[in-house]
Amino acid sequence: MYPTHALSLFKELNELKRIKSNTSNGLSFAEAAFAVAVEYCDPPNSDKSIEQLVTMFLAGSRLGFLNYNNLSSVGLTADQILNIFRETIDSFQVELDALKINLRLETSNSLVSFDVPKLRSNELVNGLISQPRAGPTTPGKPRVVLYPVESHADHCMMVAAYAFLLSPFYGSDPTDSFLIGLFHHLHNLTMPDSGYAGECLLGNHLTKSIESARSLAMSSLSSRTNTKLSCLFKEIEKASSPVAKAFHAADCLDRILQMQYYEKVHNFSVTHAIEELDLIHDGPVKSFQLDTLKSLGLIS
């Protein structure tokens with residue numbers, strides 16, 4: 001049975017694309033986490049390191065940019081800080097049980113801090129942070145531009161975390177699931193995102209273009225990471241293996257939750273704006289303005 005009880009966790013994590021602080025240099029929490037994750041994964045560290053990062057990413061949905069450094073600077077002890085993060089993770093126990101995943105923080109050394117100032121020296125990291133997502137596009141129809149625009153770092157970090165959390169359900173390797181989620185948009189380091197509509201216009205040139213752009217981006221990664229990613233990119237061409245299923249589930253989940261966020265923040269109608277928010281203000285020109293809009297068919 002699909003872990004539907006975990007959906008609230010995925011929705012809450014998605015807000016990390018919008019959480020910032022006065023120390024984050026304009027980066028969202030997800031973007032800062034992406035930068036740290038790239039450092040963790042290339043060259044590859046232990047599985048435990050990625051688990052610690054996902055655990056702290058989860059805690060960030062409640063604590064934001066509060067971390068060991070700034071909490072200790074205001075007088076909290078290492079044990080007090082560790083307990084705060086443990087209690088935060090424990091608050092997600094129902095969702096984590098549904099996912100059949102167990103996340104623990106053993107010592108204060110496992111508290112990963114997403115320290116921003118040192119993160120933007122990496123060209124790959126900086127490129128995907130500054131490369132915006134296209135949003136929903138389809139051939140033959142105008143682009144829908146929705147704000148705030150998410151970055152590729154936002155999306156990739158979210159997909160990586162989702163894929164890791166979904167790995168027990170699909171029986172996939174959690175590290176591989178995280179890795180392909182983190183790096184699956186390497187080609188957008190070189191290729192600005194034109195969405196599905198733009199990809200369709202590239203036609204027969206699409207596959208070669210993506211492969212070339214991906215190769216350029218992978219040149220900055222270690223040979224070990226390149227070898228692993230080359231296998232994983234082939235694996236996710238279909239949704240048959242456990243890792244591919246975890247990845248594709250995470251990818252579509254993030255895309256839809258992002259659209260639900262836009263739906264929520266843009267959930268108003270022109271009628272509501274006119275009747276409830278007085279978009280066409282009371283005054284001597286109001287009737288003229290309403291008649292103008294009616295004659296253009298913009299309102300009824």
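What volume does the largest cavity have? The exercises below work on a predicted model.

**Exercise 1. Describe the cavity.**

Task: find the volume of the largest cavity and say what lines the space.

Solution.
Step 1. Start with the search. Across the whole structure, one cavity of 30 Å³ or more turns up.
Step 2. Read the volume. The largest cavity holds about 70 Å³.
Step 3. List the lining. There are 13 lining residues, and F29, G64, L66, N67 and F114 lie nearest the centre.
Step 4. Sort the lining by class. Nine residues are nonpolar, four are polar and none is charged.
Step 5. Look for the main contributor. Helix α3 (residues 47–63) gives the largest share, four residues.

**Exercise 2. Describe the chain.**

Task: state which secondary structure the chain has, and how much of the chain is buried.

Solution.
Step 1. Count the elements. The chain has 15 helices and zero strands.
Step 2. Take the span. Along its principal axes, the C-alpha trace covers about 70 × 55 × 45 Å.
Step 3. Check burial. The chain has 300 residues, and 47% of them count as buried.

**Exercise 3. Map the largest pocket.**

Task: find the space in the largest pocket and the elements that line the pocket.

Solution.
Step 1. Recall the idea. Rolling a probe the size of a water molecule over the atoms shows where empty space is left.
Step 2. Read the volume. The largest pocket contains about 1400 Å³ of space.
Step 3. Find the centre. The lining has 47 residues, and R133, H185, H187, N188 and E199 are the closest to the centre.
Step 4. Name the elements. Two or more lining residues come from each of α10 (195–202), α11 (206–218), α12 (223–235) and α13 (242–265).
Step 5. Pick the main contributor. With eight residues, α13 gives the largest share of the lining.
Step 6. Sort by class. The lining of the largest pocket has 21 nonpolar, 15 polar and 11 charged residues.

**Exercise 4. Trace the salt bridges.**

Task: for three salt bridges, say which parts of the chain each pair links.

Solution.
Step 1. Recall the principle. Side chains of opposite charge can pair when their charged atoms come close.
Step 2. Get the total. The structure holds nine salt bridges.
Step 3. Take E12 and R62. Their closest N and O atoms are 2.4 Å apart. E12 sits in helix α1 and R62 in helix α3, so this pair ties together parts 50 residues apart in sequence. E12 is partly exposed at 24% relative accessible area. R62 is partly exposed too, at 42%.
Step 4. Take E15 and K264. Their side chains form a salt bridge with an N to O distance of 3.4 Å. E15 lies in the loop between α1 and α2, K264 lies in helix α13, and the two are 249 residues apart. E15 is partly exposed, at 27%. K264 counts as exposed, at 55%.
Step 5. Take K228 and D176. Here the N to O distance is 3.4 Å. K228 belongs to helix α12 and D176 to helix α9 (residues 174–183), so the pair ties together parts 52 residues apart in sequence. K228 is partly exposed at 34% relative accessible area.
Step 6. Classify D176. Its relative accessibility is 16%. Buried means under 20%, so D176 counts as buried.
Step 7. Look for a network. Salt bridges link K17, R133, E150 and D254. R133 is also among the residues closest to the centre of the largest pocket.

**Exercise 5. Inspect the loops.**

Task: find where Y147, N25 and K100 lie, and decide whether each is buried or exposed.

Solution.
Step 1. Place Y147. This residue is in the loop between α7 (123–130) and α8 (152–170).
Step 2. Check its exposure. The relative accessible area of Y147 is 54%. Exposed means over 50%, so Y147 is exposed.
Step 3. Look at its neighbours on the surface. V145, Y147 and V149 make a nonpolar patch of about 290 Å².
Step 4. Check the backbone. The peptide bond from Y147 to P148 is cis, with omega near 0 degrees. P148 is in the loop between α7 and α8.
Step 5. Turn to N25. This residue lies in the loop between α1 (7–14) and α2 (29–41). N25 is not a glycine, yet its phi is positive, at about 55 degrees. At 53% relative accessibility, N25 is exposed.
Step 6. Finish with K100. The loop between α6 (93–99) and α7 holds this residue. K100 is not a glycine either, and its phi is positive, at about 60 degrees. K100 is exposed, at 68% relative accessible area.

How values were computed
Residues numbered from 1 in each chain as written. Predicted model: local features only at pLDDT ≥ 70, side-chain atom pairs only at ≥ 80, totals over all residues. Heavy atoms only, no water. Patch = residues over 30% accessible without salt bridge, like charges linked within 9 Å, V, L, I, M, F, W, Y side chains within 5 Å. Areas by Shrake-Rupley, 256 points an atom, 1.4 Å probe, with all protein chains shown as cover. Salt bridge = Lys/Arg side-chain N within 4 Å of Asp/Glu carboxyl O. Buried < 20%, exposed > 50% of the residue type's maximum accessible area, 1.4 Å probe, protein only. 1 Å grid on protein atoms, 1.4 Å probe; cavity = no way out; pocket = protein on both sides within 12 Å on 5 of 7 lines; lining within 4 Å. Points joined across faces, edges and corners; volume = space filled by probe spheres on them. Nonpolar A, V, L, I, M, F, W, Y, C, P; charged D, E, K, R; others polar.
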